[in-house]
Amino acid sequence: MKTSKSSVVTEKIRSFIGLESNPVTYEIERHAVERFACAIGDPNPLYSDEAKARESSYGGLISPPTFLRSLLPSAYPRQYPEPFAHILDGGSRYRFYEPARVGDRITVTRKITDLFEKTGRMGTMLFKISEISYVNQLGRLVATQTTTTITYGTGEKDAGVGDH
Amino acid sequence: MQALETINTTTSIPKILFGDVSVGDELPELVKEPDNRQLVMYAGVSQDFVPIHYDLKVAHAAGHRNVIIHGALKSAWLVELVTGWMGTAGRLLEFDVSYQAIDFPGNTATCFGRVADTRIENGAGIIELEIGLRNSDGDVTTPGRALVSLPIEAHFA
């Protein structure tokens, strides 16, 4: 694999590695959790049955683990110069430390940890590895999510392509 | 007036202990029959409005025969497979997923898993699971892994 002359990972883009997004805080609202559980089709009572959740080892309602995904990180302090128009989700790695409870206030921060390009069926693709951290109102780390976002192709930018 | 969307919760919650689990055990499969409606619901709750998940023209332009399922929705199902199996006394510690191929609404998606390792670490019962989602052709489009802890003694469950 050639290491020289990247067409996509410019100095300007590389300067985003390590940059943290502006923190944003969300309250985990009970009905948002119910709607999320309903949309994914997960009947686990811990997400919507208060009595059962209270008598469980959690002691109260929690959110589904991937609910954190709906707590979108905020923008970077500078405009990220996304070079491509289309987006693919390559995958996620979650590490869970504390339950994200209904009523918690979760502060979300994202950091780009790596950027590299590959050439494949869809031409040149930019791989962006980001680590998102979720911290609760007690200052405790609830979870981290490491995402792989792939962008590719030219033309009119898809909705949301710059937001991941 | 249209009723609000609601979900009926499961009435019985499994309670399994670390000692109930052996390497090679298979998790009960979780079968999903996603339709466009579910994709729209998921777009709404996750705020993922990338149009390839609801706009057929965009999906066709990208070379797909249909709109495609959000990877993160497949993740939610794989997590349901694990958390539904481990019960309310278990804890999900780690979940990794790789979206290696695309899945479409209208096709059955089956989540499966098997116990890859069991060990005791710092007094906790740790279970490592190999998991994945296969499509109706039997291809595994979305492999993953999960790490959970289960109580060792019944009084913690």
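How many bridges join strand 4 of chain A to strand 5 of chain A? Select residues 141-152 of chain A for strand 5, along with strand 4, and you'll have the answer on screen: 11 bridges, with the two strands running antiparallel. Keep in mind as you go that this is a predicted model.

Stay with that pair for a moment. Pick A:V135 and look across to strand 5 of chain A, where A:L141 stands opposite. The two strands form a hairpin with five residues between them. Click on A:G139 in that turn, and you'll find a positive phi of about 80 degrees.

Now go to the other partner of strand 4. Select residues 105-120 of chain A (strand 3) and residues 123-135 of chain A (strand 4): they pair in the antiparallel sense over 13 bridges. Here the hairpin connection runs through two residues. For a landmark, take A:V108, whose bridge partner in strand 4 of chain A is A:Y134. While you're in the strands, a general point to check by eye: side chains in a regular strand alternate between the two faces of the sheet.

Next, jump from A:V108 to A:L46, which is 62 residues apart from it in sequence and 23 Å apart in space, C-alpha to C-alpha. A:L46 lies in the loop between helix 2 (30-40) and helix 3 (50-55) of chain A. Is A:L46 buried or exposed? It counts as buried, because it has 26 C-beta neighbours inside 10 Å and the cut-off is 20 or more. Leaving out residues up to four places away in sequence, show what A:L46 touches: A:A53, A:S56, A:Y58, A:L61, A:I62 and, from the other chain, B:T88.

That last contact is your cue to cross over to chain B. Select helix 1 of chain B, residues 36-46, and highlight B:L39, B:Y42, B:V45 and B:S46, which are buried. They span an arc of only 130 degrees around the axis, so they sit on the same side of the helix. Bring up helix 3 (71-86) of chain B and helix 2 of chain A to see what these buried residues pack against. Just past helix 1 of chain B, B:Q47 has a positive phi, near 60 degrees.

Finally, colour the whole interface: 39 residues of chain B are in contact with 36 residues of chain A. On the chain B side, helix 3 gives the most, with nine residues. That side divides into 19 nonpolar, 14 polar and six charged residues. For a last stop, select strand 2 (residues 86-96) of chain A and strand 2 of chain B, which pair in the antiparallel sense over five bridges; A:Y94 stands opposite B:F95 there.

Key. Residues are numbered from 1 along each chain as its sequence is written. Chains are lettered from A and ligands numbered from 1 in the order in which they are written. This is a predicted model: local features need pLDDT of at least 70, side-chain atom pairs count only at pLDDT 80 or more; totals for chains, interfaces and linings use all residues. Two strands pair if DSSP finds at least two bridges between them. Helices (H or I, at least four residues) and strands (E, at least two) are DSSP runs, numbered from the N terminus. A residue is buried if 20 or more other C-beta atoms lie within 10 Å of its own, exposed if 12 or fewer, and partly exposed in between; C-beta atoms are placed from the backbone. Two residues are in contact if their C-beta atoms, placed from the backbone, lie within 7 Å. The arc is that of the directions from the helix axis to the C-beta atoms. Ala, Val, Leu, Ile, Met, Phe, Trp, Tyr, Cys and Pro count as nonpolar, Asp, Glu, Lys and Arg as charged, and the others, Gly among them, as polar.
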